[in-house]
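Please look over the structure below. A short report on its chains, helices and salt bridges follows.

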Amino acid sequence: MTHPARTWLLTCSFTLSLSAFGCGSSDDAKGGEKQTDCDVTVAPSADDVTTLQEALVGLTSGQTLCLEAGSYTLTKELSMAGIPHVTVQGIGASRDDVVLDFKTQTEGDDAFSVQADYFTLQHLTVKDPRGDGVKVTSSLRPTFRDVRAYWSAGSKTENGSYALYPAECDDVLMEDCEVEGSSDACIYLGQSTTGIVRRNKAHGCVIGIEAENSLDVELYDNEAWNNACGMLIVNLPNLTRKDMQRANAHDNYLHENDLANFAPPGAFVEAVPTGTGLLVMAADTTEIHHNRVENNGGPGVTMVSWITLQVLGGFTQNDPDYQPYLLTANVHDNTVSGNGTRLVATYLDLFPGGTAEDILWDGIVPSQTPASVCVKNNGAATFRNINGLLGLDDPTKQSTDVTPFDCTQPALAALPEFDQ
Amino acid sequence: MRRTRVALAGALLIAGCGGAPEPEAGAPRLPWAREAMPEVPLPSGAVQTPEAVELGRLLFYDPVLSGDGTLSCATCHSEYWGLGDGLTLAIGKGGSDLAGPGRQGPALRRNSITLWNAAYAEHLFWDGRAASLEDQIRFPLESAEELDLAPSAAAARVAAVPEYAARFGGVFAEGVSVRTLEGALAAFVRSLTTTRSAYDRYVAGDEGTLDAGAKDGLFAFARAGCAGCHVPPRFDADRYFARGVGQGADPGRFDVTGDEADRGAFRVPTLRNVVNTGPYFHDGSVETLAAAVDHEADQADVSVGSADRAAITRFLQKALLDESQSPARPAAVPSGLTMPRDGFRIVR
């Protein structure tokens with residue numbers, strides 16, 4: 001066992017030999033500006049928890065902690081709070097070369113919890129967290145870049161709910177990450193304002209990519225396959241931040257999401273039926289365009305209100321500030337094909353014929369409010385409008401005619417690049 | 001222990017690598033004396049080992065300590081809600097199944113005060129009626145409206161759970177007793193400290209941890225006189241004041257001292273993690289942090305303009321936030337009872 005102080009000192013000395021910036025000096029105080037050169041560099045040691053945690057505690061604003069290639073054995077959650085503009089990055093040849101291995105973790109709920117503005121995590125792998133993976137909460141402009149996170153046992157109920165989890169943040173960037181095995185969402189962006197989720201790969205999870213109770217979110221160029229549901233855009237009750245508004249999902253590839261739902265009992269996502277390509281629930285102003293949603297066992301694109309969950313799933317909620325309806329969805333110029341031929345029980349209740357359409361809307365709208373769903377230019381995609389509670393009770397009241405929804409809504413603007 | 005490590009790392013940074021500026025030369029400006037968070041005071045005889053903290057953590061979440069087996073300490077002091085409960089007034093025995101904001105049931109007379117940094121308080125509760133962490137634990141236990149279980153009965157119940165008996169035996173020579181029950185819970189609460197906030201980093205010499213807005217707020221906080229009561233670095237005080245909150249029905253500190261000067265006076269709570277500890281004041285009557293700042297600013301000796309109020313709010317939100325030592329909720333507790341479910345936070 002190396003004494004913590006000794007480990008830190010060795011680490012620091014090592015850094016001096018590796019980095020032109022050494023450990024930083026008063027001359028190169030960065031005043032909060034983001035740098036990516038290494039200020040502190042660590043390597044795997046006999047006591048990786050101490051090595052990494054002490055290095056994190058010792059950082060000052062604007063510094064970068066670099067992790068040399070190798071596997072770091074972590075028995076305890078790492079945490080960092082209150083230091084803005086910090087980057088933690090692997091410096092191996094690829095993210096696979098730097099592994100934070102939590103297989104033997106016994107302490108802490110998550111692998112790495114962060115509460116600090118302008119935090120960046122990049123170029124490394126997080127393996128087998130005991131609970132959730134990397135959680136960044138209540139922070140401004142967090143970045144997850146080129147991070148792999150996975151559970152080596154595969155898709156198991158015992159796995160943590162989320163691998164990459166920014167919540168209650170502003171200006172989130174999640175890009176070029178790959179996640180496998182979460183028992184809720186591989187990649188989650190929740191209760192946040194403004195977020196970009198792009199070029200990620202998500203597979204082997206209950207939900208591939210989830211945007212929840214957030215405002216102004218752009219999800220694009222992602223690929224999600226072999227999940228129970230490829231992508232979820234959702235407004236849920238009883239959360240601190242209310243409403244899911246202005247999600248712009250485009251150019252994603254959501255395919256073969258047929259993994260049996262393995263969420264733990266009691267989790268909301270337990271109710272998400274296997275085989276769903278993209279599910280939008282109770283969101284306001286959603287644009288879904290130029291996506292490929294193909295060969296999912298259930299409907300490719302499903303749009304529902306909370307009311308449907310109440311009726312079909314027996315869910316209840318008691319949040320006075322909750323908006324339960326799907327409002328204003330614009331589904332256009334997608335390729336949605338080959339979906340709906342391998343229905344699980346939940347969908348079979350809706351589709352007793354055994355097959356489902358590519359695009360599904362439950363048809364539930366607030367009373368006195370005209371339908372605000374547009375479905376246009378989606379190639380040969382088939383469509384079904386359940387027509388609300390009428391159609392749920394009597395399938396003859398449902399319709400597969402998409403022409404009433406041949407309308408156009410204003411496009412959501414692309415979000416600007418953040419200065420992370 | 002943890003604080004020692006933080007201090008050590010900081011010292012090494014300066015001595016070993018020459019990284020941080022000397023506090024005296026070119027250190028970030030402060031409107032008051034530079035002072036880091038102190039060590040947690042330990043009463044004589046207290047056992048503050050990791051094993052004691054872990055034992056206390058299990059007890060904290062375990063409904064074995066409630067008469068009807070449904071409530072735990074975490075019902076009213078949840079890590080989800082700033083170690084309070086998110087309610088205006090606490091709801092104890094007879095409440096609905098779910099904990100958290102929206103919980104229904106007979107309200108107690110006061111807001112659940114946060115446990116963050118309770119380790120430092122000379123007296124506990126809004127009225128300061130408990131003289132130590134060990135002492136305070138019997139109040140909710142004995143209250144017929146709260147846990148409603150005599151301490152001796154609680155100890156007997158705990159002793160009957162083999163895992164507890166073994167754990168207590170490993171920590172305390174005398175095994176399970178009322179005294180060691182209090183000791184274990186106190187050890188856990190002493191671990192709930194905040195020492196890594198942006199403000200702490202700033203005090204340690206890292207100027208960049210506070211952005212311009214928070215820095216403005218720091219100085220506005222001082223100008224408005226807030227620090228006279230919410231004394232840094234703890235941003236609280238073992239003092240009691242009447243701040244014009246509520247209708248005066250609650251005697252507050254008077255109940256403890258019998259001094260008319262204390263009528264309607266309540267403890268100066270910590271402002272660390274205050275962004276997550278609302279609703280505010282002893283009666284939870286102020287819902288938002290901005291409104292709480294307004295309430296106090298209206299009573300300041302100097303005029304506090306809207307820009308300063310906004311800056312103070314930002315300082316409190318950003319600079320004093322540190323939940324890195326937030327406790328982990330156990331997956332199960334040794335009694336096998338069902339832990340109170342926080343129904344106002346989606347299972348995740």
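Does Arg95(A) count as buried or exposed, and what is its relative accessibility? Arg95(A) counts as buried, because its relative accessibility is 15% and the cut-off for buried is under 20%. This is a predicted model, and every value below is computed from it.

**Chain A overall**

Chain A holds five helices and 31 strands. Its radius of gyration is 23 Å, close to the 22 Å that the globule rule gives for 420 residues, so chain A is as compact as a globular protein of that length. Along the principal axes, its C-alpha atoms fill a box of roughly 75 × 40 × 40 Å. Of the 420 residues in chain A, 63% are buried. Contacts in chain A reach across the sequence: among those with a separation of 6 or more, 65% join residues 24 or more positions apart. The accessible surface of chain A comes to about 14,500 Å². Carbon and sulfur atoms account for 51% of that surface.

One surface feature of chain A is a nonpolar patch. Val311(A), Leu312(A) and Leu389(A) form the patch, with about 260 Å² of accessible area together. Val311(A) sits in helix H3 (residues 306-313) of chain A. Val311(A) is partly exposed, because its relative accessible area is 46% and partly exposed lies between the 20% and 50% cut-offs.

**Salt bridges**

Over all chains, the structure holds 47 salt bridges. Side chains of opposite charge can pair when their charged atoms come close. Three of the pairs are set out here.

| Pair | Closest N to O distance |
|---|---|
| Arg95(A) and Asp146(A) | 3.2 Å |
| Asp117(A) and Lys318(B) | 2.8 Å |
| Asp171(A) and Arg141(A) | 2.8 Å |

Take Arg95(A) and Asp146(A), whose side chains meet in a salt bridge. This pair links distant parts of the chain, 51 residues apart. Arg95(A) is in the loop between strand S5 (87-90) and strand S6 (98-101) of chain A. Asp146(A) is in strand S10 (residues 143-150) of chain A.

Next, Asp117(A) forms a salt bridge with Lys318(B). This pair crosses between chains. Asp117(A) lies in the loop between strand S7 (107-115) and strand S8 (120-127) of chain A, while Lys318(B) lies in helix H13 of chain B. Which partner is buried, and which is partly exposed? Asp117(A) is buried, with a relative accessible area of 12%. Lys318(B) is partly exposed, with a relative accessible area of 24%.

The third pair is Asp171(A) with Arg141(A). Asp171(A) lies in strand S12 (residues 170-175) of chain A, and Arg141(A) in the loop between strand S9 (132-137) and S10 of chain A, so the pair ties together parts that are 30 residues apart in sequence. Both Asp171(A) and Arg141(A) are buried.

Salt bridges also form a network. It links Arg145(A), Glu175(A), Asp176(A), Arg198(A), Arg199(A) and Glu417(A).

**Two helices of chain B**

Helix H2 (residues 50-61) of chain B has twelve residues, which should span 16 Å at 1.5 Å a residue. The end C-alpha atoms are 17 Å apart, which agrees. H2(B) is mostly covered, with nine of its twelve residues buried. Among the buried residues are Leu55(B), Leu58(B), Leu59(B) and Phe60(B). What do the buried residues of H2(B) pack against? They pack against helix H3 (73-76), helix H6 (151-159), helix H7 (162-171) and helix H8 (178-190) of chain B.

Helix H13 (residues 306-319) of chain B has 14 residues. From first C-alpha to last it reaches 19 Å, close to the 20 Å expected at 1.5 Å a residue. Its buried residues are Arg309(B), Ala311(B), Ile312(B), Thr313(B), Phe315(B), Leu316(B) and Ala319(B). Their cover includes helix H9 (198-203), helix H10 (212-223) and helix H12 (289-298) of chain B.

**Around Leu271(B)**

Leu271(B) lies in the loop between strand S3 (266-268) and H12 of chain B. Leu271(B) is buried, with a relative accessible area of 11%. Beyond its neighbours within four places in sequence, Leu271(B) is in contact with Phe221(B), His230(B), Arg234(B), Phe235(B), Leu316(B) and Leu320(B). One of these, Leu316(B), is a buried residue of H13(B). Thr114(B) is 157 residues from Leu271(B) along the chain, yet their C-alpha atoms are separated by 9.9 Å.

Technical notes: Residues are numbered from 1 along each chain as its sequence is written. Chains are lettered from A and ligands numbered from 1 in the order in which they are written. This is a predicted model: local features need pLDDT of at least 70, side-chain atom pairs count only at pLDDT 80 or more; totals for chains, interfaces and linings use all residues. Side-chain values use heavy atoms; hydrogens and water are left out. Patches are made of residues with over 30% relative accessible area and no salt bridge: like charges are joined within 9 Å, nonpolar side chains (Val, Leu, Ile, Met, Phe, Trp, Tyr) within 5 Å. Accessible areas come from the Shrake-Rupley method with a 1.4 Å probe; for residues, only the protein chains shown count as cover. A salt bridge is a side-chain nitrogen of Lys or Arg within 4 Å of a carboxyl oxygen of Asp or Glu. Helices (H or I, at least four residues) and strands (E, at least two) are DSSP runs, numbered from the N terminus. Buried means under 20% relative accessible area, exposed over 50%, partly exposed in between (1.4 Å probe, protein chains only). The radius of gyration is taken over C-alpha atoms; the globule rule is 2.2 Å times the number of residues to the power 0.38. Contact means heavy atoms within 4.5 Å. The expected span of a helix is 1.5 Å times one less than its number of residues.
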